[in-house]
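Dear colleague,

Please find below the structure that I am handing over to you. My findings follow after it, and I would ask you to read them with the structure open.

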Amino acid sequence: MKTHPDFILRQIAGENILVPCGEAAKRLSGLINLNSTAAFIWQNLNDAKDLDELTARVMENFEVDEETARRDVNGLTAELILAGMVLTEEGETLPPHPMIKQQEE
């Protein structure tokens with residue numbers, strides 16, 4: 001899983017902000033404010049080999065137990081998949097997991 005290149009993480013006035021650009025800016029008007037855990041997960045998505053490694057990194061960086069780290073990693077990545085903000089290794093948008101309820105259009 002990789003971060004979508006149409007979203008750039010910036011620090012603005014001490015806040016972690018995901019800024020949509022390119023095609024993402026056409027479908028999302030606004031900025032996305034991330035807490036420190038979410039920003040850390042976003043920053044580590046590209047080089048973590050899987051969600052287990054990402055969970056271990058969160059545990060180490062934030063000194064939290066595995067249950068808390070896994071809940072944070074799984075929760076954020078599920079939201080990112082649903083929003084089309086992450087890609088497969090091949091550069092394709094990930095389909096939402098069947099357990100994730102999609103918004104009706």
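A residue is called exposed when its relative accessible area is over 50%, and buried when that value is under 20%. Please keep in mind that this is a predicted model.

The first finding concerns Pro5. This residue lies in the loop that joins β1 (2-3) to β2 (7-12). Its relative accessibility is 58%, and therefore Pro5 counts as exposed. When neighbours within four places in sequence are left aside, Pro5 is in contact with Cys21 and Leu87. Between the C-alpha atoms of Pro5 and Ala24 the distance is 9.3 Å, while 19 residues separate the two positions along the chain.

The second finding concerns Thr37, which belongs to helix α2 (residues 36-44). Is Thr37 buried or exposed? Thr37 counts as buried, because its relative accessibility is 16%. Beyond its neighbours within four places in sequence, Thr37 is in contact with Val58, Phe62 and Asp72.

The third finding is the packing of α2 with helix α3 (residues 51-62). Their axes are 10 Å apart and form an angle of about 135 degrees. Angles over 115 degrees and up to 145 count as oblique, so α2 and α3 are oblique to each other. Their crossing is right-handed. On the α2 side, the residues that meet α3 are Ser36, Thr37, Phe40, Ile41 and Asn44; on the α3 side they are Leu54, Arg57, Val58, Asn61 and Phe62. By class, this contact holds five nonpolar, four polar and one charged residues.

Yours sincerely

Conventions. Residues numbered from 1 in each chain as written. Predicted model: local features only at pLDDT ≥ 70, side-chain atom pairs only at ≥ 80, totals over all residues. Heavy atoms only, no water. Helix = DSSP H or I, 4+ residues; strand = E, 2+ residues; numbered from the N terminus. Buried < 20%, exposed > 50% of the residue type's maximum accessible area, 1.4 Å probe, protein only. Contact = heavy atoms within 4.5 Å. Axes fitted to C-alpha atoms, helices over the stretch in contact; angles between N-to-C directions. Parallel < 35°, antiparallel > 145°, perpendicular 65-115°, else oblique. Left-handed = near helix turned anticlockwise from the far one by under 90°. Nonpolar A, V, L, I, M, F, W, Y, C, P; charged D, E, K, R; others polar.
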